[in-house]
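Let's take a walk through a protein chain together. Have a look at the sequence and the 3D view, and then we'll go from the overall layout down to single side chains.

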Amino acid sequence: MDKNAVNTLEDILQICFGCKKPFDKSGNQTVAGVNAYEKLIATIYGLENIGVIDSAHNVIKQLDEIVSSEYC
């Protein structure tokens, strides 16, 4: 995976979680997008559990802000 190809949350959901269409034309999450987002959240909690990140809550809060501001 080319780390330079990941520029947006949509890229992460597509490239890292195999979701072809995370958002519809209106900017709303698709069912597949919600499932991929839930996998991302689970990954973040896992990273917190193994000590890679300090606060999953803060990371998830930022992601939720991205979803609500950029895609809605």
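The chain has 3 helices and 0 strands, so if you follow the sequence from start to end, you read the pattern α-α-α. Keep in mind that what you're looking at is a predicted model.

How much of the chain is buried? Out of its 72 residues, 28% are buried. As for the outside, the chain exposes about 4,900 Å², and 52% of that comes from carbon and sulfur atoms. You can also ask how far along the sequence the contacts reach: taking contacts between residues at least 6 apart in sequence, 31% link residues at least 24 apart.

Now let's go inside. The largest nonpolar core holds 14 residues, and the ones touching the most other members are L9, L13, Y37, L40, I44 and L63. Three elements give two or more residues to this core: α1 (9–15), α2 (31–49) and α3 (56–70). Which of them gives the most? That's α2, with 5 residues.

L63 is a nice place to zoom in. Skip its neighbours within four places in sequence, and you'll find L63 in contact with L9, Y37, L40, I41 and I44. Try picking out those partners in the 3D view.

Next stop, the loop between α2 and α3, where I53 sits. Is I53 buried or partly exposed? Its relative accessible area is 23%, and buried means under 20%, so I53 counts as partly exposed. I53 still has company: not counting residues up to four places away in sequence, I53 touches I44, L47, E48 and V59.

One of those partners, L47, leads us out to the surface. L47 belongs to helix α2, and because its relative accessibility is 31%, L47 counts as partly exposed. Together with I50 and V52, L47 forms a nonpolar patch on the surface, and the three of them have about 290 Å² of accessible area together.

Finally, let's check on two cysteines. C16 is partly exposed, since its relative accessible area is 40%. C19, on the other hand, is buried, because its relative accessible area is 4%. How many disulfides are there? With a disulfide taken as a pair of cysteine sulfur atoms within 2.5 Å, the count comes to 0.

Key. Residues numbered from 1 in each chain as written. Predicted model: local features only at pLDDT ≥ 70, side-chain atom pairs only at ≥ 80, totals over all residues. Heavy atoms only, no water. Core = buried A, V, L, I, M, F, W, Y, C linked by side-chain atoms within 4.5 Å. Buried < 20%, exposed > 50% of the residue type's maximum accessible area, 1.4 Å probe, protein only. Helix = DSSP H or I, 4+ residues; strand = E, 2+ residues; numbered from the N terminus. Contact = heavy atoms within 4.5 Å. Patch = residues over 30% accessible without salt bridge, like charges linked within 9 Å, V, L, I, M, F, W, Y side chains within 5 Å. Areas by Shrake-Rupley, 256 points an atom, 1.4 Å probe, with all protein chains shown as cover. Salt bridge = Lys/Arg side-chain N within 4 Å of Asp/Glu carboxyl O.
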